[in-house]
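Work through the exercises below with the structure open beside you. Try each task before reading its solution.

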Amino acid sequence: MSNHRFSPVSEDEPCCNLSQKAKICLGTFCVLVVLTIAVMVGVLWGLPAPKLKEWDGKGTTPNFPEIVLGRCYTYTKVLRPELSHKDCRKIGKAFMDAFLSKDPCSSTERDYQPLLELTNQTVPCNKTLFWSKSSELAHQYTTVQQEMFTLENTLLGYIADGLNWCGDADSSEINYGSCPKMGKQCNDTVFVFWNTVSQRFAENACGVVQVVLNGSISNTFNKNSTFGRVEIYNLRPEKVPTLQAWVMHDIGDRSVACSSSSINDLKLILSNRNIKFTCHDNYR
Ligand code: JS2
């Protein structure tokens with residue numbers, strides 16, 4: 001360290017030995033700097049916020065970040081305290097990073113990988129319940145049978161259920177104004193999310209798994225549904241020997257859906273995948 005001695009500077013004449021001309025230049029330069037900063041701030045302040053792209057669907061759910069964080073704490077600290085080690089701040093950030101500053105129509109599974117890793121959860125064997133066109137009934141069932149899990153009874157399904165979200169490629173803002181209509185306008189970020197988490201939910205399933213289907217609608221088993229398009233193709237036959245279907249019927253509807261052609265399609269797909277299929281018509 002060079003032997004720097006601090007020489008006493010006389011208070012009254014700090015920069016006395018600057019020539020008149022230099023003082024004027026320095027003064028002008030300082031004024032110019034202040035002016036430039038003022039103009040820049042003025043321009044930035046004045047500039048309207050970048051207009052976010054407009055879509056046909058409703059915008060991001062108001063207070064989305066707070067709801068995600070709140071639901072994460074409710075689930076990990078109250079509903080399933082065995083998951084209290086989960087870091088909800090990291091989970092919230094990973095969820096936002098999955099769609100912020102990105103075009104909602106070019107979303108991919110990869111965008112959600114960090115979030116999936118942080119919310120990984122084991123569902124015990126023989127406790128997985130799928131549903132299709134029967135959300136309400138399936139969730140009434142798991143509310144009573146707490147040991148059974150639909151996707152919405154898992155941490156990530158619980159956090160996201162019923163929410164909408166999207167960002168914008170040209171801004172780091174959340175788009176609260178509008179988002180692509182889910183699955184209608186493009187492979188949007190919410191559609192990709194549910195496909196991705198439904199795929200993981202099916203991949204992780206083990207033992208005898210069950211599905212609640214609606215026997216009072218024409219295509220009780222719909223190949224284009226998330227259950228028919230994603231979940232039955234991601235079940236692992238080496239872990240899942242049987243899929244049991246409960247076909248629920250509206251009051252007074254005595255039709256036998258288990259022998260319907262759509263259920264037969266499901267039976268065929270599963271037997272081609274070496275997964276046994278049982279079906280029960282259940283009249284409420
Ligand atoms: C938009 C949502 C939400 O087995 C079930 C679940 O595991 C689920 O993820 O997928 C299956 C139900 O989907 P499916 O077969 O297409 O039936 P559906 O009655 O047409 O329900 C559509 C919902 C699909 C995914 N999803 N999508 N917003 O809040 C939301 N919640 C879920 N589950």
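**Exercise 1.** Where does the ligand sit?

Solution. The model is a predicted one. In this model the ligand sits in the largest pocket.

**Exercise 2.** Describe the shell of residues around the ligand.

Solution. Start with the count: 15 residues surround the ligand. The closest of them are S132, E152, G162, T226 and E231. Next, sort the shell by residue type: six are nonpolar, five polar and four charged. Then look at the elements: β2 (129-132), α7 (189-203) and α8 (226-234) each give the shell at least two residues. Last, turn to the domains: domain 1 (51-119 + 154-204) and domain 2 (123-150 + 205-284) each contribute at least three residues.

**Exercise 3.** Which polar atoms of E231, F227 and D161 lie by the ligand, and how much of the ligand is covered?

Solution. Take E231: a polar atom of its side chain is 2.5 Å from a ligand oxygen. In F227, a polar backbone atom lies 3.0 Å from an oxygen atom of the ligand. In D161, an N or O atom of the side chain is 2.9 Å from a nitrogen atom of the ligand. Finally, the ligand on its own has 610 Å² of accessible area, and the protein covers 83% of that.

How values were computed: Residues are numbered from 1 along each chain as its sequence is written. This is a predicted model: local features need pLDDT of at least 70, side-chain atom pairs count only at pLDDT 80 or more; totals for chains, interfaces and linings use all residues. Side-chain values use heavy atoms; hydrogens and water are left out. A residue is near a molecule or strand if one of its heavy atoms lies within 4 Å of it. A polar contact is a pair of N or O atoms within 3.5 Å; within protein, one must be able to donate a hydrogen and the other to accept it, and residues adjacent in sequence count only if both atoms are side-chain atoms. Accessible areas come from the Shrake-Rupley method with a 1.4 Å probe; for residues, only the protein chains shown count as cover. On a 1 Å grid over the protein atoms alone, a cavity is a set of points where a 1.4 Å probe fits but cannot get out, and a pocket is an open set with protein on both sides within 12 Å along at least five of seven lines; lining residues have an atom within 4 Å of a point. A molecule sits in a cavity or pocket if more than half of its atoms lie within 2 Å of its grid points. Helices (H or I, at least four residues) and strands (E, at least two) are DSSP runs, numbered from the N terminus. Ala, Val, Leu, Ile, Met, Phe, Trp, Tyr, Cys and Pro count as nonpolar, Asp, Glu, Lys and Arg as charged, and the others, Gly among them, as polar. Domain bounds come from an automatic or database domain assignment.
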